[in-house]
Amino acid sequence: MLRRLLSRALARRLPAGAHYSTTPIFAPTTAFYRQSSFFSSSSSSQIPDSNIVQHLEDEGVLNRPFSSEPSASTISIDRSGLCNPPAHSHEPSSDSELVKHLKGIIKFRGGPITIAEYMEEVLTNPKAGFYINRDVFGAEGDFITSPEVSQMFGEMVGVWAMCLWEQMGRPEKVNLVELGPGRGTLMADLLRGASKLKNFTDSLHVHFVECSPALQKLQHSTLKCRDEDNKADGVEKSSVSSLTGTPVSWHPTLEQVPSGLPTILIAHEFYDALPVHQFQRASRGWSEKMVDLAEDSTFKFVLSPQPTPAALYLMKRCKWSSSEEIANLNQIEICPKAMELTQTIAERISSDGGGALIIDYGVNGVVSDSLQAIRKHKFVDILDNPGSADLSAYVDFPSIRHAAEEVSGDVSVHGPITQSQFLGSLGINFRVEALLENCTDEQAESLRSGYWRLVGDGEAPFWEGPDEEAPIGMGTRYMAMAIVNKKHGVPVPFL
């Protein structure tokens, strides 16, 4: 799901690489997501009807003398405040539905919300979340991910999956799960590349964990799925990818993916979109950073004056770090949902067998202040027009390791290593050479650019075009980590 430092942002500004070959790259013998409605109810004071007031005055009731003697003095009635409530504006609000919703939550609660709550609403609100109703990927979207850069990325992930399958003893049935599959490009490239190894593809049932209906339709199209009636199996309709004849299913959460079978799970640029909590060092200690409303009704950051529930996760994260590392930081980001997701994954791998591959941009240490927003390939203010920009944060790989190891002694965690090391060890160099042998000059240039973005570091040395279009390598910005069942040994290429 790329927003990041300079290399990440620039990489997403560039067009996605073309797919040049549908030829499989492996021979048969290859081993290897409630809206809380806020109602502002006001009690109106009961005030006299103006018609009654006028009638009483006309009848002399209100101006009647206090005695039977004539009097020059009368009582004057000030009716200026009667029945003149403030005019109600019928002009439409400029706030989006999501902005109204966020403001409603803050007002209803009577105080600020956490950054994690803000982030979750912005990205996955069922009605107006950033990911829910549109295609945000590619050159025409807000960012470009590695699978959109080159077909080689998905192919190399396929090599990893096949290697693990071999180490698992070539099981006849396997759940191949992808979290947040975007357009489905990675999976399509994986299946194409592995199509020659029929024993592998025949064993697979692809499970997409995706909460966006719009993206589900794109994934269905990318994998060239056809819907089939299958009442004999108790399922009225199922989808099958015509790429390899592999069944495909969609689920809103990982927990709804059927268990009981060995699992190969892929999480590429998924963890970076999980909501984070930010803590800032203050005079009273660590205080959680929150989102509140300013006097002009815009959003602003504030510090919580009291301890918050997320402080428990902060304590856990600090326990996993050295005192020297924490002492040098003024801000800390933690992601409880990443820890919980990792433990769910580890428990499944422990019980069912298999492994998980996590590839994302992040650090091998405590994350300080990395949360950022990207709109149309440009960095923007995090609080600006929520719902119109992608929010993401660096992945804390050590916390993933500790979370997995904490929940199960039957899994082993390997890495992180750089994306460049991961792809290089799996043979991307040989693959690009093979593709270059049968392509046009234009395709060759795109291939070299895509290759550099995947494995390079900084600007491509071979680039001769405009500086603003130079390919920026993200090979060292992205990292790979694997969680596997110990009985399968050490996975390739973490040996």
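# A walk through a predicted model

E406 is partly exposed, with a relative accessible area of 41%. That residue makes a friendly starting point for a tour of this model, which is predicted. The side chain of E406 meets that of K316 in a salt bridge, with 3.3 Å from N to O. This pair ties together distant parts of the chain: K316 sits in helix α10 (residues 311–319) and E406 in helix α13 (residues 397–407), 90 residues apart. K316 also counts as partly exposed, because its relative accessibility is 24% and that category lies between the limits of 20% and 50%.

Stay in helix α13 for a moment, since I400 is found there too. Is I400 buried or exposed? At 1% relative accessibility, I400 counts as buried, the limit for that label being under 20%. I400 also leads us to another part of the chain: its C-alpha atom is separated by 9.1 Å from that of M481, although the two residues are 81 apart along the chain.

Now let us step back and look at the whole. The protein chain has 16 helices and 20 strands. Of its 495 residues, 50% are buried. The chain exposes about 23,600 Å², and carbon and sulfur atoms supply 50% of that area.

Back to charges. Side chains of opposite charge can pair when their charged atoms come close. How many salt bridges does the count give? It comes to twelve, and the pair of K316 and E406 is one example of a salt bridge. Another joins E120 and K337, whose closest N and O atoms are 2.7 Å apart. Here too the partners come from distant parts of the chain, with E120 in helix α4 (residues 115–124), K337 in helix α12 (residues 336–352), and their positions 217 residues apart. The two ends of this bridge fall into separate categories: E120 is buried at 19% relative accessible area, whereas K337 is partly exposed at 36%. E120 earns its label because its 19% falls under the 20% limit.

A further salt bridge links E117 with R109, and the closest N and O atoms there are 3.0 Å apart. E117 counts as partly exposed at 30% relative accessibility. R109 is partly exposed as well, at 44%.

Some charged residues gather on the surface instead. E459, D467, E468 and E469 form a negative surface patch. To find one of them, D467, look in the loop between β18 (457–459) and β19 (472–474). D467 is exposed, since its relative accessible area of 64% is over the 50% limit.

The backbone has some points of interest as well. Most residues other than glycine have a negative phi, and most peptide bonds are trans. Which residues here have a positive phi without being glycine? K224 is one of them, with a phi of about 50°. E269 is another, with a phi near 50°. K224 is found in the loop between α9 (213–222) and β4 (225–230), while E269 has its place in the loop between β7 (263–268) and β8 (277–282). Their surroundings contrast: K224 counts as partly exposed at 46% relative accessibility, but E269 is buried, with a relative accessible area of 0%.

The peptide bonds deserve a look too. A cis bond joins G415 and P416, where omega is about 15°. P416 lies in strand β17 (residues 411–418). The bond from V492 to P493 is also cis, and its omega is near -5°. P493 is placed in the segment after β20 (478–485).

Our last stop is the cysteines. A disulfide is a covalent bond between the sulfur atoms of two cysteines. How many disulfides does the count give for this model? The count comes to zero, which means that no pair of cysteine sulfur atoms lies within 2.5 Å. Among the cysteines, C163 counts as buried at 4% relative accessibility. C439, at 21%, counts as partly exposed, because that value is not under the 20% limit for buried residues.

Conventions:
Residues numbered from 1 in each chain as written. Predicted model: local features only at pLDDT ≥ 70, side-chain atom pairs only at ≥ 80, totals over all residues. Heavy atoms only, no water. Patch = residues over 30% accessible without salt bridge, like charges linked within 9 Å, V, L, I, M, F, W, Y side chains within 5 Å. Areas by Shrake-Rupley, 256 points an atom, 1.4 Å probe, with all protein chains shown as cover. Salt bridge = Lys/Arg side-chain N within 4 Å of Asp/Glu carboxyl O. Lys, Arg positive; Asp, Glu negative; His and termini not counted. Charge placed at Lys NZ, Arg CZ, Asp CG, Glu CD. Helix = DSSP H or I, 4+ residues; strand = E, 2+ residues; numbered from the N terminus. Buried < 20%, exposed > 50% of the residue type's maximum accessible area, 1.4 Å probe, protein only.
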